[in-house]
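This report introduces the structure shown below to a reader who meets it here. It treats the sheets, a helix end and a pocket in turn.

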Amino acid sequence: MRAVIIGAGIAGLAVAKGLRLLGWETEIYEQASELKPLGAGLSLSAKALRALRTLGLYEAVVTEAQPIHRLDLLDDKGQVLQSTDFQRFSQQYGHLSMAVLHRGDLHEALLSELPRSVIRTDMECVDARQVGENIALRFANGEIVESELVLACDGIHSAVRRALFPQSREHFARYVSDHLAESHLTFQ
């Protein structure tokens with residue numbers, strides 16, 4: 001079985017690693033000209049850490065991560081609204097239940113598990129269409145690639161999603177974070 005993955009970020013690399021563990025051949029097409037760690041910190045929940053264990057990456061990732069043993073949510077006066085004891089959950093699950101690390105460290109760990117030959121850079125996907133049982137992907141350089149299974153891991157501005165599901169629109173989900181007022185988008 002063969003899968004084509006658009007995007008060599010965390011999602012694309014993780015799904016490629018998982019499919020390869022199942023015996024699939026994978027090809028990853030990335031629009032950037034080089035693979036380099038980008039971004040800032042991110043948190044990994046118990047389920048994400050369990051998934052990393054399944055992929056064989058748990059130890060490599062947690063050595064770079066900062067464990068979170070307790071999380072307190074406070075109101076604007078500093079009063080505790082909710083407290084979570086992640087250390088108790090970690091003991092119960094047999095692995096960390098919450099950790100934070102730089103996104104680049106997770107990206108590097110995932111990259112280290114894949115042969116670089118399966119990743120093609122400078123391959124911006126600009127269109128996708130159904131061709132019989134396959135999906136035909138057209139890239140900015142004019143190349144066309146067909147596959148029975150395509151995984152669109154190319155982010156919020158996904159050319160694959162836009163082409164195959166033109167009615168799909170992002171919308172503001174009304175979630176904000178602290179004073180930064182970060183917006184989170186969801187898709188319908």
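## The antiparallel sheet

In this predicted model, an open sheet is built from 3 strands in the order β9-β10-β11, with antiparallel pairing. The edge positions are taken by β9 and β11 (144-147); each has a single partner strand, so one side of each is left without a neighbour in the sheet. On average, and with direction ignored, neighbouring strands of this sheet are turned by 20° against each other.

The pairing of strand β10 (residues 134-139) with β11 is antiparallel and runs over 4 bridges. Within this part of the model, Leu137 has Val145 in β11 as its bridge partner.

## The parallel sheet and helix α1

A further open sheet consists of 4 strands in the order β8-β2-β1-β12, and here the pairing is parallel. Its edge strands are β8 (119-120) and β12 (149-152), each of which pairs on one side only.

Strand β1 (residues 2-6) runs parallel to β12 and is joined to it by 4 bridges. Val4 stands opposite Val150, a residue of β12. Helix α1 (residues 10-21) packs on this sheet, where it touches β1, β2 (25-29), β8 and β12. The direction of helix α1 makes about 165° with that of β2.

In general terms, the strands of a sheet pair through backbone hydrogen bonds, in either a parallel or an antiparallel manner. The model contains an example of each: the sheet β8-β2-β1-β12 is parallel, whereas the sheet β9-β10-β11 is antiparallel.

## The two ends of helix α4

Which residue caps the N-terminal end of helix α4 (residues 86-93)? The cap is Asp85, which has a side-chain oxygen 3.2 Å from the backbone nitrogen of Gln87. Just after α4 comes Gly94, which takes a positive phi of about 80°.

## The largest pocket

Rolling a probe the size of a water molecule over the atoms shows where empty space is left. The largest pocket of the model has a volume of about 670 Å³. It is lined by 26 residues, of which Glu30, Gln31, Cys153, Asp154 and Gly155 are the closest to its centre.

By residue type, the lining of the largest pocket divides into 12 nonpolar, 7 polar and 7 charged residues. At least two lining residues come from each of α5 (103-111), β9 (125-131) and α6 (159-164). Strand β9 thus appears in two settings: it supplies residues to the lining of the largest pocket, and it stands at an edge of the antiparallel sheet.

Conventions
Residues numbered from 1 in each chain as written. Predicted model: local features only at pLDDT ≥ 70, side-chain atom pairs only at ≥ 80, totals over all residues. Heavy atoms only, no water. 1 Å grid on protein atoms, 1.4 Å probe; cavity = no way out; pocket = protein on both sides within 12 Å on 5 of 7 lines; lining within 4 Å. Points joined across faces, edges and corners; volume = space filled by probe spheres on them. Nonpolar A, V, L, I, M, F, W, Y, C, P; charged D, E, K, R; others polar. Polar contact = N/O pair within 3.5 Å; in protein donor to acceptor, adjacent residues only side chain to side chain. Pairing = 2+ DSSP bridges. Contact = heavy atoms within 4.5 Å. Axes fitted to C-alpha atoms, helices over the stretch in contact; angles between N-to-C directions.
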